[in-house]
Amino acid sequence: MVETLETGDYCAIAAYFLLVLAVGIWSTFRPNRHSATGYFLAGKNMHWFPVGTSIFASNVGAHTFIGMAGTGAATGFGVAIYSWHAIFILIALGWVFLPVYVSSGTFTMPEYVKKRYGGRRLRIYLSVLALILYAFTKVSAEIYAGSVVMQVLMGWNTYLSVALILTVTAFYTVIGGLAAVLYTDALQAVILVTGAFILMGLSLVEVGGWSGMVDKYPMAAANYTLANPENYSCGMPRDDYMHIWRDPVTGDIPWTGAVFGLTTLGIWSWCNDQIAVQRCLSAKNMSHAKAGCVLGGSLMLLTVFLFVVPGMISRIFYPDEIACADPSKCEDVCDNAAGCSNIAYTVLVLRLMPTGKAQARQKTQLT
């Protein structure tokens with residue numbers, strides 16, 4: 001399925017790319033960029049706002065637009081636990097882990113491990129492990145999700161989309177270092193939140209407000225599913241669609257896993273992963289680093305309303321596409337026999353947003 005864009009949309013897309021590149025190039029003229037501290041830690045002179053927005057923007061990308069909105073469309077509100085859980089882990093990063101990292105004087109997590117436990121092999125092992133995990137979990141997911149958006153928006157093939165995403169991102173990252181990443185992330189976070197709020201507001205108005213969404217979602221299924229629910233039971237919304245804490249046996253996201261498993265995973269993802277830690281280490285002092293953690297966590301709380309709610313509303317508006325339950329019909333809609341919930345957010349953007357308001361969806365193509 002390919003939706004068509006109008007001239008205003010293409011102008012907004014071009015303006016977005018040019019603005020991001022301009023900010024990235026501007027950041028290369030910052031002082032101390034040629035030193036190790038200047039390149040890898042932005043001179044350790046960043047304020048709390050770019051630190052916090054970069055933590056948020058670096059973890060909210062194409063996978064959020066595609067995955068979080070898609071999961072919200074498919075199963076309801078339960079996916080909110082992933083974002084709401086992050087605020088507690090980020091507080092732990094700022095108040096428990098970060099003082100240790102700062103006192104060690106390290107730039108990267110493998111470097112810290114070497115200083116803490118000694119031995120070069122452990123440092124190499126962690127570096128290789130991190131590269132493998134990034135390649136197979138984060139980078140691959142981002143690239144795939146970005147290509148899905150490009151396919152729906154412009155009809156581009158996967159390889160062309162990947163080439164554009166990597167070229168633009170690598171250009172300002174390699175030249176400008178962490179400072180370029182922080183400033184462009186701050187810009188993209190503002191654009192992302194603004195555009196997503198506009199879409200959320202428009203979609204809530206169209207669906208009849210919060211109560212309208214809650215009342216209509218249980219019947220948001222394809223016509224053939226409603227006509228024959230016994231054969232297409234997987235196409236009906238879950239009964240616990242508004243529950244975050246779900247049954248430990250029958251729930252798709254059991255609360256036991258959310259509390260115990262997600263906490264363990266979150267400590268690694270937020271407190272030991274290079275992305276969040278490096279941004280905090282770039283802060284000018286501990287107060288700014290902690291404030292950045294609080295800001296990043298607070299913005300993560302918004303993702304439920306910015307992405308999950310529009311995903312659920314998209315299913316209400318377009319159930320035959322988003323909630324398709326027949327593999328052959330799903331292939332006709334989105335070329336994916338497993339289901340089409342992944343296109344929920346993109347379809348809503350294209351059909352509900354005014355012409356030219358393409359800024360919010362562009363974050364998915366760059367991050």
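This report describes the helices, the nonpolar cores and some single residues of a predicted model.

## Overall make-up

The chain has 18 helices and 0 strands. Of its 367 residues, 52% are buried. Among the contacts in the chain with a separation of 6 or more, 79% are between residues 24 or more positions apart.

## Annotated transmembrane regions

An unreviewed UniProt entry carries the annotation "transmembrane region" for residues 12-29, 49-69, 81-102, 122-139, 159-183, 190-210, 253-271 and 292-313. Two of these spans can be described from the model. Residues 12-29 are 89% helix and 0% strand, and the C-alpha atoms at the two ends of the span are 26 Å apart. For residues 81-102 the figures are 95% helix and 0% strand, with 30 Å between the end C-alpha atoms.

## The nonpolar cores

The largest nonpolar core holds 61 residues, and those touching the most other members are Phe56, Leu93, Tyr101, Trp270, Phe307 and Tyr345. Helix H9, residues 158-207, supplies the largest share of this core, with 9 residues. Apart from this core lies another, of 23 residues, which includes Phe77, Val207, Val214 and Ile316.

Trp270 shows what surrounds one member of the largest core. Leaving aside residues up to four places away in sequence, Trp270 touches Ile55, Asn59, Ala86, Ile89, Leu90, Leu93, Ala276, Val277 and Met300.

## Helix H13 and its neighbours

Helix H13 spans residues 274-281, and 8 of its 8 residues are buried, so this helix is largely enclosed by the rest of the structure. The buried residues are Gln274, Ile275, Ala276, Val277, Gln278, Arg279, Cys280 and Leu281. The list thus includes Gln274, Gln278 and Arg279 alongside Ile275 and Leu281.

H13 packs against H12 at an angle of about 40°, with the two axes 5 Å apart. That angle makes H12 oblique to H13. On the H12 side the contact is made by Trp270, Cys271 and Asn272, and on the H13 side by Gln274, Ala276 and Val277.

H13 also packs with helix H6, residues 86-104, at an angle of about 75° and with the axes 11 Å apart. H6 and H13 are therefore roughly perpendicular to each other. Here Leu93, Leu98, Tyr101 and Val102 of H6 meet Ala276, Val277, Cys280 and Leu281 of H13. Ala276 and Val277 of H13 thus take part in the contact with H12 and in the contact with H6.

## The H10 and H14 crossing

Helix H10 (residues 209-216) and helix H14 (residues 286-317) have axes that come within 10 Å and cross at roughly 55°. The two helices are therefore oblique to each other. The crossing of H10 past H14 is left-handed.

Trp210, Met213 and Lys216 make the contact from H10, while Phe305, Val309, Met312, Ile313 and Ile316 make it from H14. One of these, Ile316, is also a member of the 23-residue core.

## Single residues

Trp268 lies in helix H12, residues 255-272. This tryptophan is partly exposed, with a relative accessible area of 34%. Apart from residues up to four places away in sequence, Trp268 touches Leu133 and Asp273. Trp268 and Ile89 are 179 residues apart in sequence, and their C-alpha atoms are 9.6 Å apart in space.

Leu350 is found in helix H17. What is the relative accessible area of Leu350, and is the residue buried or exposed? The value is 19%; the cut-off for buried is under 20%, so Leu350 counts as buried. Its C-alpha atom is separated by 9.7 Å from that of Asp9, although Leu350 and Asp9 are 341 residues apart along the chain.

Asp335 sits in the loop between helix H16 (327-334) and helix H17 (344-352). Its relative accessibility is 56%, so Asp335 counts as exposed. The phi of Asp335 is near 60°, a positive value in a residue other than glycine. Most residues other than glycine have a negative phi.

Notes:
Residues are numbered from 1 along each chain as its sequence is written. This is a predicted model: local features need pLDDT of at least 70, side-chain atom pairs count only at pLDDT 80 or more; totals for chains, interfaces and linings use all residues. Side-chain values use heavy atoms; hydrogens and water are left out. A nonpolar core is a set of buried Ala, Val, Leu, Ile, Met, Phe, Trp, Tyr and Cys residues joined through side-chain atoms within 4.5 Å. Buried means under 20% relative accessible area, exposed over 50%, partly exposed in between (1.4 Å probe, protein chains only). Helices (H or I, at least four residues) and strands (E, at least two) are DSSP runs, numbered from the N terminus. Contact means heavy atoms within 4.5 Å. UniProt positions are given in the numbering used here, feature names are shortened, and annotations may be inferred rather than shown by experiment. Axes are lines fitted to C-alpha atoms, for helices over the stretch in contact, and angles run from 0 to 180 degrees between N-to-C directions. Angles under 35 degrees count as roughly parallel, over 145 as roughly antiparallel, 65 to 115 as roughly perpendicular and the rest as oblique. A crossing is left-handed if the near helix is turned anticlockwise from the far one by less than a right angle, and right-handed if clockwise.
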